[in-house]
Amino acid sequence: MDRILVVDDDPALRSLLKLVATRAGFDVDTARDGVEALEKLTANDYLIAVIDLMMPRINGYDLVQRLGSFERRPAVLVVTAMHDAHVPRLDGNVVNSILRKPFDIEMFSAVLTELATALRAGKPMPNVLSFPAQSGE
């Protein structure tokens, strides 16, 4: 079973994302902030890391930057409520996809499945640094 890491400081959202990913067939670990995420990413191999940007201690931007130096790093799916103007701060060589909060849980499940399928097939990973057209912030 493919293992993923969900990193978000919101306990309710973290639990929801874990439930959705588990139902999609993934083995899911969680972290409440970037420090805990780095500990888990260093100790374990993950296929995908789902990372929120605004977190205490080490934020998602810094976590993504640190992942850039990992020899073996997971595909990265960023989930954020931040405006599009913040996207250029993310490393396009590390981030594979971005979902803007609030998002549809079926979309989240579909993106996870698409990333996992591409990785298992050895296909090149797309790096998509754009938000889907949604209303909000």
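**Notebook: strand 1 and what surrounds it**

I began with strand 1. Four of its five residues are buried, so the rest of the structure largely encloses this strand. I note here that the model is predicted.

Next I looked up the partners of strand 1. Strand 2 (residues 27-31) pairs with strand 1 in the parallel sense, and I find five bridges between them. V7 has its bridge partner in strand 2, namely A31. I then followed the chain from strand 1 through helix 1 to strand 2; this β-α-β crossover is right-handed. Strand 3 also runs parallel to strand 1, joined to it by four bridges. There, V6 stands opposite V50 of strand 3. I kept a general point in mind: side chains in a regular strand alternate between the two faces of the sheet.

**The loop after strand 1**

I stopped at D8, which sits in the loop between strand 1 and helix 1. Is D8 buried or exposed? I find a relative accessible area of 1% for D8, under the 20% cut-off, so D8 is buried. A polar atom of the D8 side chain lies 2.9 Å from the backbone nitrogen of D10. I also listed the contacts of D8, leaving aside neighbours within four places in sequence. They are L13, R14, A31, R32, D52, M55, V79 and K101. A31 appears in this list, and A31 is also the bridge partner of V7.

**The whole chain**

I stepped back to the overall layout. I count four helices and five strands. Read from the N terminus, the order of elements is β-α-β-α-β-α-β-β-α. The chain has 137 residues, and 46% of them count as buried. I also checked contacts with a separation of 6 or more: 64% of these join residues 24 or more positions apart.

**The cores**

I searched for nonpolar cores. The largest has 23 residues, and L41, I51 and L63 have the most contacts inside it. Which elements supply at least two residues each to this core? I find strand 1, helix 2 (34-43), strand 3, helix 3 (60-67), strand 4 and strand 5. Helix 3 gives the most, with four residues. I looked at L41 in detail, again without neighbours within four places in sequence. L41 is in contact with L5, Y46, A49, L63, L67, F70 and P74. L63 is in this list, and L63 is itself among the residues with the most contacts inside the core.

A second core is separate and has 20 residues, including V50, V79, L99 and L112. I had already met V50 opposite V6 and V79 in contact with D8. I set a general tendency beside these entries: in soluble globular proteins, nonpolar side chains tend to be buried together.

**Helix 4**

I finished with helix 4, residues 105-120. Its 16 residues reach 22 Å from first C-alpha to last, close to the 22 Å expected at 1.5 Å a residue. Which residues of helix 4 are buried? I find F108, S109, V111, L112, L115, A116 and A118. L112 also belongs to the second core. In general, residues three or four places apart in an α-helix point the same way, because there are 3.6 residues a turn.

The buried residues of helix 4 pack against strand 1 (3-7), helix 1 (11-23), strand 3 (48-52), strand 4 (75-80) and strand 5 (95-100). I checked both ends of helix 4. D104 caps the N-terminal end, with a side-chain oxygen 2.9 Å from the backbone nitrogen of E106. Just after helix 4, G122 takes a positive phi of about 70°.

Conventions: Residues numbered from 1 in each chain as written. Predicted model: local features only at pLDDT ≥ 70, side-chain atom pairs only at ≥ 80, totals over all residues. Heavy atoms only, no water. Expected span 1.5 Å × (residues − 1). Buried < 20%, exposed > 50% of the residue type's maximum accessible area, 1.4 Å probe, protein only. Contact = heavy atoms within 4.5 Å. Polar contact = N/O pair within 3.5 Å; in protein donor to acceptor, adjacent residues only side chain to side chain. Core = buried A, V, L, I, M, F, W, Y, C linked by side-chain atoms within 4.5 Å. Pairing = 2+ DSSP bridges. Right-handed = clockwise from strand over helix to strand, strands pointing away.
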